[in-house]
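Trainee: I would like a close look at a single part of this structure, taken slowly, with the surroundings of that part explained as we go. Could you choose one residue to start from and build the picture outward?

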Amino acid sequence: MQDRPTSLELLRAVREALEREVAPGLADARLRYRALIAANVLRILERELPGEDRRLTAELTALDALLDRERGRAPGTLEALRQAVLDANRALCERIRRGDADAGPWRERVLACLREAVAAALAVNNPSAL
Amino acid sequence: MALIAGAEGVREALARFLEREVGAPVTVAACASVASGTMREAWAFDVVLPDGGQEHRLVYLEDRGGSLLPSRLLCDDEFRVLRAMHDAGLRVPRPYWRVGTEDPSGLRPGLVLARAEGETVARRVLRDPAFAAVRPRLLAELGEELARIHAAPIAGLERLPRARAHQPSVAAQLDELEGVLRAIGEPHPTLELALRWLRAGAPDCARAVVVHGDYRLGNVVVHPERGLAAVLDWELAHVGDPGEDVLWFCIRFWRALDAPGWQGLGPRERFLDTYARAGGRRFDADTARYWEVFANFRWAIVTLGQAWRHLSGREHDLELASIGRHCAEVEWEILRLLDHAA
């Protein structure tokens with residue numbers, strides 16, 4: 001167990017310092033712009049870290065259903081979970097490239113699954129665009 | 001030749017370059033870095049040339065060596081396009097000189113162009129009170145100017161990338177974009193769906209034109225009184241279907257047009273209508289949707305490619321890295337468009 005501040009609290013502290021102190025104090029417009037990009041990247045991480053395992057598990061479950069895959073046991077670590085989602089997405093890409101999703105009911109299921117996955121990614125990256 | 005660095009180094013190198021070009025000593029004043037994209041560094045400077053003492057307000061666009069897409073034009077070809085467009089009376093910065101590789105002045109390859117007065121940052125054009133007077137007419141000006149670009153003569157631009165014979169104009173570009181996607185190698189099912197759909201439905205190109213390749217609000221100069229002053233960044237120019245530019249301008253990501261919950265420069269219909277009335281093509285709903293999916297797909301690939309410039313270790317850069325996280329927004333729009341498509 002790490003001492004507080006937690007990683008999330010630290011991220012927020014750095015972002016707020018960038019937004020409120022560093023950026024406004026920079027005379028160079030280019031550097032100010034880059035400080036604000038950095039702040040926005042930290043804001044993305046603040047949204048990404050809480051519940052990342054839950055989102056990955058939901059995506060994996062949806063992809064397994066779409067690909068008719070039985071998975072005995074869920075991956076035990078976050079790293080294994082990430083790899084499993086990546087592999088399942090690769091398998092989905094293969095099937096789309098073969099033309100399996102060109103038309104018909106499976107296409108509708110693919111579209112529905114992707115809407116869920118992309119919406120979840122966008123809720124982290126830029127929720128105002130949803 | 002030692003590498004030049006900083007505004008003072010660029011200023012001195014520019015003086016050396018210009019002296020050789022004009023054959024007489026010149027004084028370069030007020031050289032400063034100005035905002036530009038991720039592709040090149042822009043240096044604004046003023047110079048008095050021995051041609052009558054008039055001060056020239058110029059910009060030196062210094063290549064950073066990156067590339068939005070593999071088919072990006074080299075400086076020489078971009079210079080030719082600019083010259084052709086300038087000669088055709090279009091609103092582009094007057095091209096002065098190109099700087100070649102290993103120039104003895106020490107400058108990196110790039111272009112020296114007239115500096116158009118005004119604003120390039122889209123957010124300011126959309127919101128800053130200074131542009132309130134020109135905002136109401138800007139969308140119509142952008143539609144008309146694009147129609148004029150698409151009416152410009154292609155003769156003399158034989159070196160521009162173009163479609164292969166007996167293929168839809170878009171096929172070569174889809175090959176290129178797919179190549180970028182494969183090279184990066186990460187799974188993007190939404191982009192695979194879009195690619196299948198685009199390959200299957202490529203429309204016939206009624207008339208091939210000079211396509212700007214990146215025509216959007218962030219790539220034009222807007223003057224607070226004169227309105228649209230110049231169209232910049234011709235490095236992705238090619239010969240192709242006018243629908244590419246027209247719907248590229250329209251994609252949601254740029255926030256240039258009105259959308260639910262967003263006030264842009266005006267409704268999409270006004271842009272499409274002024275484009276058509278100025279001699280451009282009128283697109284039916286299906287054709288417009290095709291080019292809108294294509295534009296979003298192309299932009300999605302560019303975002304991945306920009307992030308890859310960072311991830312591959314070639315150019316460590318925060319801005320390039322952060323662009324990778326824009327892809328989901330573009331994919332979201334692609335899914336919306338595909339959902340409404342036949």
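Mentor: Before naming a residue we need one term: helices and strands here are DSSP runs, numbered from the N terminus, and a strand (E) has at least two residues. With that in hand, the residue to start from is Arg40(B), whose place is in strand E2 of chain B; please keep in mind throughout that this is a predicted model.

Let us begin with the strand itself. Strand E2 of chain B covers residues 40-48 and is mostly covered, since 8 of its 9 residues are buried. Arg40(B) has a relative accessibility of 5%, and because buried means under 20% relative accessible area, Arg40(B) counts as buried.

The strand has a partner on each of two pairings that we can follow. Strand E1 of chain B, residues 27-34, runs antiparallel to E2(B), and 6 bridges join the two; in this pairing Ala32(B) has Ala44(B) in E2(B) as its bridge partner. E2(B) also pairs in the antiparallel sense with strand E3 of chain B, residues 55-63, over 9 bridges, and there Trp43(B) has Tyr60(B) in E3(B) as its bridge partner. The hairpin of E2(B) and E3(B) has 6 residues between the strands, and within this hairpin Gly52(B) takes a positive phi near 130 degrees. When you look along such a strand, it helps to remember that in a regular strand the side chains alternate between the two faces of the sheet.

Now return to Arg40(B) and ask what surrounds this residue. Leaving aside residues up to four places away in sequence, Arg40(B) touches Leu61(B), Glu62(B), Asp63(B), Arg64(B), Arg72(B), Glu78(B), Leu111(B), Asp233(B) and Glu235(B). Two of these neighbours deserve a slower look: the side chain of Arg40(B) is joined to that of Glu78(B) by a polar contact of 3.0 Å, and a polar contact of 3.0 Å also joins the side chains of Arg40(B) and Asp233(B). As a general point, side chains of opposite charge can pair when their charged atoms come close.

Following the second of these contacts leads us to Asp233(B), which is found in the loop between E8 and strand E9 (238-240) of chain B. Asp233(B) has a relative accessibility of 26%, so this residue counts as partly exposed, whereas its contact partner Arg40(B) is buried. The backbone of Asp233(B) is also worth examining, for its phi is near 55 degrees, a positive value in a residue other than glycine. The background to that remark is that most residues other than glycine have a negative phi.

The strand that comes before this loop is E8 of chain B, residues 227-231, which is mostly covered, with 4 of its 5 residues buried. E8(B) pairs in the antiparallel sense with strand E7 of chain B, residues 220-223, over 4 bridges, and a hairpin joins E7(B) to E8(B) through 3 residues. Within this pairing, the bridge partner of His223(B) in E8(B) is Gly227(B).

For comparison, consider some charged pairs elsewhere in chain B. Arg137(B) forms a salt bridge with Glu141(B), and their closest N and O atoms are 2.8 Å apart. These two residues are 4 residues apart in helix H4 of chain B, residues 135-150, and are therefore separated by about one helical turn. Arg137(B) counts as partly exposed, at 35% relative accessibility, while Glu141(B) is buried, with a relative accessible area of 11%. Another pair is Arg124(B) and Glu119(B), which form a salt bridge with the closest N and O atoms 3.2 Å apart; here Arg124(B) is partly exposed at 36% and Glu119(B) is buried at 15%. A further salt bridge, of 2.9 Å from N to O, brings together the side chains of Arg282(B) and Asp273(B), of which Arg282(B) is exposed, with a relative accessible area of 55%, and Asp273(B) is partly exposed, at 27%.

To sum up the part we chose, Arg40(B) is a buried residue in strand E2 of chain B, and its side chain makes polar contacts of 3.0 Å with Glu78(B) and with Asp233(B).

Terms used
Residues numbered from 1 in each chain as written. Chains lettered and ligands numbered in written order. Predicted model: local features only at pLDDT ≥ 70, side-chain atom pairs only at ≥ 80, totals over all residues. Heavy atoms only, no water. Buried < 20%, exposed > 50% of the residue type's maximum accessible area, 1.4 Å probe, protein only. Pairing = 2+ DSSP bridges. Polar contact = N/O pair within 3.5 Å; in protein donor to acceptor, adjacent residues only side chain to side chain. Contact = heavy atoms within 4.5 Å. Salt bridge = Lys/Arg side-chain N within 4 Å of Asp/Glu carboxyl O.
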